[in-house]
Amino acid sequence: MSVCDTANMIDLRSDTVTRPTHAMRAAMASADVGDDVFGDDPSVNRLQQQLAEKTGHEAGLFFPSGTQSNLAALMAHCGRGEEFVIGGLGHSFKYEAGGAAVLGSLWPQPLDYEPDGSLDLRKVEALIKPDDAHFARTRLLVLENTQNGRVLPLTYIKEAAGFARRHGLGIHLDGARVFNAAVKLGVPVREITQHFDSVSICLSKGLGCPVGTVLVGKRELIQKAHRARKILGGGLRQAGILAAAGLYALEHHVERLAEDHANAQALAEGLAQIKQIKLDRTAVQTNMLFLEIQPQHAQPLAEHLRQAGILILPGVRLRLVTHLDVSAEDVRRVIAAFQGYFAGR
Ligand SMILES: *Cc1c(COP(=O)(O)O)cnc(C)c1O
């Protein structure tokens, strides 16, 4: 990645790029802390408890990253040589460097997502292995919400939870952006999360924290994940400095996710007018939009935008992400810059 000063740019690469606000930094600076490996950090404990309550779960556990939280959850659900069913584009399958296999000795069974981001339960059922020494034992179903910005329907989630129970599987949600889903549906996040055995929730995406993910679940499962976290090097000391950002975000940055969704909508509407861009704006549900351009535009467009102070990840299929540091005015500037590039081409 090139070295550049991104602080004053409109950065659409991801919602992980947000910088903590002054108020969040102030909350971090004045956090009560203790040694969290001894369970002594009051801010960490408060954050874990608050998120457990909000999500309808018994316990929570703070992690430095979503990758580690997902892996610890997989290790808590599955033993060595056991199998989990997951989307082929699922984060824990594709984007976590194979950690479940490398560090967890777990066997992933990937399956294509349906157009709405769900996994077809009949297809999942066909993948569940019979009790036979030839096969890895199928233990867990992993869903993602939001999945590429798509919100899973509540009816589907209930169905999937019932399905998992009937088949003796655990069910984990990679809910990195589950608050986006809840805000989009206009329901308390518990309406989504209570149906799962465990949920991993990122604080460092749309919620605007510099670091942090919380895993919630039943006390016994969280105890297993706590052991896995130690193995993975995730036992932190005065982590209350980080947890304070999470507590601040839960209070101030959840409802405002609706602004990110509105900005993504506005951006999609503007870009859909440009004839060289292929974009289905009805597919935009939360803070992400996807569009396609001809290959010859991939690099020059990214360069043109960069000159205009806008950062994207270059490609033929572009993902643009709105967040705390992208305003409605920024969206107008982005649309104008895209129009400027494509005018006369
Ligand atoms: C970002 C993300 C994670 C975790 O990523 P980290 O960068 O490790 O915090 C997990 N799942 C999904 C769907 C994500 O988008």
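Before we start, one definition: helices and strands here are DSSP runs, numbered from the N terminus, with at least four residues for a helix and at least two for a strand. With that, I can tell you that S105 sits in the loop between α5 and β4. Please also keep in mind, everyone, that we are looking at a predicted model.

Let's stay with S105 for a moment. Its phi is near 55°, a positive value in a residue other than glycine. Is S105 buried, exposed or partly exposed? With 30% relative accessibility, S105 counts as partly exposed.

A97 also deserves a look. This residue belongs to the loop between α4 and α5, the latter covering 99–102. A97 is not a glycine, yet its phi is positive, at about 55°. As for its surroundings, A97 has a relative accessible area of 74%, so it is exposed, the cut-off being over 50%.

One more backbone feature, and then we move on. Which peptide bond is cis? That would be the one from N145 to T146, where omega is near 0°. You can find T146 in the loop that runs between β5 and α7, and α7 spans 154–166.

Now for the strands. Please find β3, residues 83–87, on your screen. This strand is mostly covered, as 5 of its 5 residues are buried. Which strands pair with β3? One is β4, residues 107–111, which runs parallel to β3 and is joined to it by 5 bridges. Another is β5, residues 138–144, also parallel, with 3 bridges to β3. V85 is a nice residue to click on here: its bridge partner in β4 is Q109, and in β5 it is L141.

Let's zoom out to the whole protein. It is divided into domain 1, made of 10–17 + 256–342, and domain 2, which is 31–252. Their centres, taken over C-alpha atoms, are 29 Å apart. In the contact between them, 14 residues come from domain 1 and 16 residues from domain 2.

Finally, the pocket. What is the volume of the largest pocket? It is about 660 Å³. Of the 32 residues lining this pocket, H91, Y95, N148, R177 and R319 are the closest to its centre. Both domains take part, with at least three lining residues from each of domain 1 and domain 2. Among the elements that each supply at least two residues of the lining are α3 (66–77), α4 (91–94) and β11 (317–321). By type, the lining divides into 9 nonpolar, 15 polar and 8 charged residues.

Thanks for listening, everyone!

Definitions and conventions:
Residues numbered from 1 in each chain as written. Predicted model: local features only at pLDDT ≥ 70, side-chain atom pairs only at ≥ 80, totals over all residues. Heavy atoms only, no water. Buried < 20%, exposed > 50% of the residue type's maximum accessible area, 1.4 Å probe, protein only. Pairing = 2+ DSSP bridges. 1 Å grid on protein atoms, 1.4 Å probe; cavity = no way out; pocket = protein on both sides within 12 Å on 5 of 7 lines; lining within 4 Å. Points joined across faces, edges and corners; volume = space filled by probe spheres on them. Nonpolar A, V, L, I, M, F, W, Y, C, P; charged D, E, K, R; others polar. Domains from an automatic or database assignment. Contact = heavy atoms within 4.5 Å.
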